[in-house]
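Got your viewer open? Grab the mouse and let's take a walk through this protein, one selection at a time.

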Amino acid sequence: MAAGGGGPWRRPAAGLARAVRSVCGSGRAAAGLRAQELAERLRARRSEEEKREAPRDPAQRRVRELAQLSQQLQRVHPNVLAKVLKRATIYQNEEIVVINKPYGLPVHGGPGVRNCIADVLPVLAKMLENMNTEPLHLCHRLDKETTGVMVLARSREAADRVRLLFKTRQVEKIYWAITLGDPDPTEGIVEIPIVEKEVQSHQPHYKMTLAPNYRLCPGDGEVVKVRKNRHAESAVTRYRLLGSSSACSLLELQPITGVKHQIRVHLAYGLGCPILGDHKYSHWSKLAPQKLPEVTLKRLKLEQSKARHLPLHLHAHRLSLPLGQHIDLVCKPPHFFQKTLEKLQLDVTKD
């Protein structure tokens, strides 16, 4: 009876199961449709936000693209970065390899640095030669934001030779910089020692600054010698005005010594002409974006609120290396530097 009585009840149960499956299936389908609609809405909203955020002005777009490129260089695989540096090679022989250093790429590692030139030198050496070659060696340094000529050595012995040439000041280094204001006089030598100091402000930080050996007396204006700061380093920079327009100048610079941030400090605090995009040394007591003259903003088609994204316009243009034979190495300024020259109507004087 029990067995025979169970038959009629199985059919409704099966029908119920089919009904439940049908309901669940339609529920899943509805959920899938809702998820798809939500994804499409999110994509549309993201697209609209990107359109709104993207600067319409070409100059602001270039500033943003440069900042994004600098960030991308920190995220790429070391092999990809090595390929970038290989394409940037401008000269090589049996002793040295010379690259045109990209903007925003640090030479050494440090806090928050994922990729740097030093870390990819073994990979770059293999790409240039073969799998069994010795890693390349650093010979000197350039700031993260500085572009241009950078020398690498194929062996430790060659690196020691090149470093000695730098140390004994036998290497002629020529930089180009776009600065705010005109230097007075238009050509000369800045010879003022430099020291690192802590800036006491609501955001304490360290900066390089001038440590002069002389000062003017407040009363009679007499020049008097002061006690030398034992932590200061001698620093000498030659400069020459190449062009001037739109409240800016193009300067040729030859650092005789090699103190940290020497060119930036001598120009900003020695001549009163900070480098365009040098937000660190445009102020002393605060960390703030560089304040640009109205005529400069107009020529660059840039708003002051966006000036914080402006890159440092300092380029290692030429380097003369007496390594056996005299080697003269020249790098053209990067695209953003050339576009700024064009917008400011600064003509480059041909050598």
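Below is a short route from the whole chain down to single residues and back out to the surface.

**Stop 1: the whole thing.** Keep in mind that this is a predicted model. Show it as a cartoon: the protein has 351 residues, and 41% of them count as buried. The secondary structure comes to 8 helices and 14 strands. If you look at contacts between residues at least 6 apart in sequence, 64% of them join residues at least 24 apart.

**Stop 2: colour by confidence.** The mean pLDDT is 85, and 80% of the residues reach 70 or more. Now select residues 1-12, where the pLDDT is below 50. Beyond near neighbours in sequence, this stretch has 0 contacts in the model. Where pLDDT is low, the predicted coordinates should not be read in detail.

**Stop 3: the largest nonpolar core.** Select Ile-117, Leu-136, Leu-152, Leu-253 and Leu-267 and show them as sticks. They are the residues with the most contacts inside the largest nonpolar core, which has 32 residues. Which elements give two or more residues to this core? On the helix side, pick H3 (78-87), H4 (117-128) and H6 (262-270). On the strand side, pick E2 (96-101), E4 (147-153), E5 (172-180), E12 (248-255) and E13 (314-323). The largest share, 6 residues, comes from H4. In soluble globular proteins, nonpolar side chains tend to be buried together.

**Stop 4: a second core.** Next, select Leu-242, Leu-276, Leu-300 and Phe-337. They are among the 19 residues of a second, separate core.

**Stop 5: helix H6 in close-up.** Zoom in on H6. Is this helix mostly covered or mostly open? Covered: 7 of its 9 residues are buried. Those buried residues are Gln-262, Ile-263, Arg-264, Val-265, His-266, Leu-267 and Ala-268. Now click on Leu-267. Leaving aside residues up to four places away in sequence, Leu-267 touches Ala-177, Thr-179, Leu-251, Leu-253, Gly-272, Cys-273, Pro-274 and Ile-275. One of those partners, Gly-272, sits just after H6 and takes a positive phi of about 70 degrees.

**Stop 6: out to the surface.** Switch on the surface view. The protein exposes about 20300 Å², and carbon and sulfur atoms supply 51% of that. To finish, select Tyr-214, Leu-216 and Val-223: together they make a nonpolar surface patch of about 340 Å². If you turn the cartoon back on, you'll find Tyr-214 in strand E9 (residues 214-216).

Conventions. Residues are numbered from 1 along each chain as its sequence is written. Side-chain values use heavy atoms; hydrogens and water are left out. A nonpolar core is a set of buried Ala, Val, Leu, Ile, Met, Phe, Trp, Tyr and Cys residues joined through side-chain atoms within 4.5 Å. Buried means under 20% relative accessible area, exposed over 50%, partly exposed in between (1.4 Å probe, protein chains only). Helices (H or I, at least four residues) and strands (E, at least two) are DSSP runs, numbered from the N terminus. Contact means heavy atoms within 4.5 Å. Patches are made of residues with over 30% relative accessible area and no salt bridge: like charges are joined within 9 Å, nonpolar side chains (Val, Leu, Ile, Met, Phe, Trp, Tyr) within 5 Å. Accessible areas come from the Shrake-Rupley method with a 1.4 Å probe; for residues, only the protein chains shown count as cover. A salt bridge is a side-chain nitrogen of Lys or Arg within 4 Å of a carboxyl oxygen of Asp or Glu. pLDDT is the predictor's confidence in each residue, from 0 to 100.
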